[in-house]
Amino acid sequence: MGINMGINMKIIGITGGVGAGKTQVLSYIEEHYICRVVRADEAAHLLYEKGQACHTELVKLFGEQVLRADGELDRRKMAEMIFGDKLLLARVNAIIHPAVKSYILEQIAYERERGSVGYFFIEAALLIEEHYDQIVDELWYIHSDESVRKKRLAKSRQYSVQKTSDIMKGQLREDEYRSKCQRVILNNGSLEDTYKQIDSILGANASEWRKE
């Protein structure tokens, strides 16, 4: 499992349900370790831009009605058109997901050649479903209890109980995450406890890649 091109850079995938705290985990890692972090959502937004991989295909799919005056995609309009249309969503995903994976593979190759980071972290909600286990050396599952996640989402994103429940129903079950991931980070309590788990996992092997 994973890719080996001669540079000792470990590739780690970060996944977990909505509200589990993946953002906080990655922010801590970026602050304390010499690493590269790629978030699939941010990569997709780059690929939406005019002249990038997904732009032309999405315009073909939606029509020019989704273009703004500057020629860029109006993502809000796209989201409105996709809402409730499972077939259209599937067609959009068939364009975006392979392009994002190709982009990530290019960035992994770039960082391996550069040889200046010890870790390459990939964050995506669909790491397991999109078979990123074929790319990474390890999958980490960020776990928080459902009740904790609901409270977080209500506070940070003002999600209703119904909206949160609907999103959770569309994600993997607890046992599916655990069966596919090599590491589980428990993120129910204080962030300090979560950070200790991260440091313990990276451990002595990370000494040369830990920031002062």
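Helices (H or I, at least four residues) and strands (E, at least two) are taken here as DSSP runs, numbered from the N terminus. By that count, the protein has 9 helices and 5 strands, and from the N terminus on they run β-α-β-α-α-α-α-β-β-α-α-α-β-α. The radius of gyration (over C-alpha atoms) is 18 Å, close to the 17 Å that the globule rule (2.2 Å times the number of residues to the power 0.38) gives for 212 residues, so the protein is as compact as a globular protein of that length.

This is a predicted model, in which local features need pLDDT of at least 70 and side-chain atom pairs count only at pLDDT 80 or more, while totals for chains, interfaces and linings use all residues. Residues are numbered from 1 along each chain as its sequence is written, and side-chain values use heavy atoms, with hydrogens and water left out.

As for the overall packing, the C-alpha atoms fill a box of roughly 55 × 45 × 30 Å, taken along the principal axes. Buried residues (under 20% relative accessible area, 1.4 Å probe, protein chains only) make up 42% of the 212 residues. Take the contacts (heavy atoms within 4.5 Å) between residues at least 6 apart in sequence: 73% of them join residues at least 24 apart.

Now for helix 5, which covers residues 86-114. Its 29 residues reach 41 Å from first C-alpha to last, close to the 42 Å expected (1.5 Å times one less than the number of residues). At the start of helix 5, a side-chain oxygen of Asp85 comes to within 3.3 Å of the backbone nitrogen of Leu87. After helix 5 comes Gly115, with a positive phi near 70 degrees.

Key. A polar contact is a pair of N or O atoms within 3.5 Å; within protein, one must be able to donate a hydrogen and the other to accept it, and residues adjacent in sequence count only if both atoms are side-chain atoms. Buried means under 20% relative accessible area, exposed over 50%, partly exposed in between (1.4 Å probe, protein chains only).
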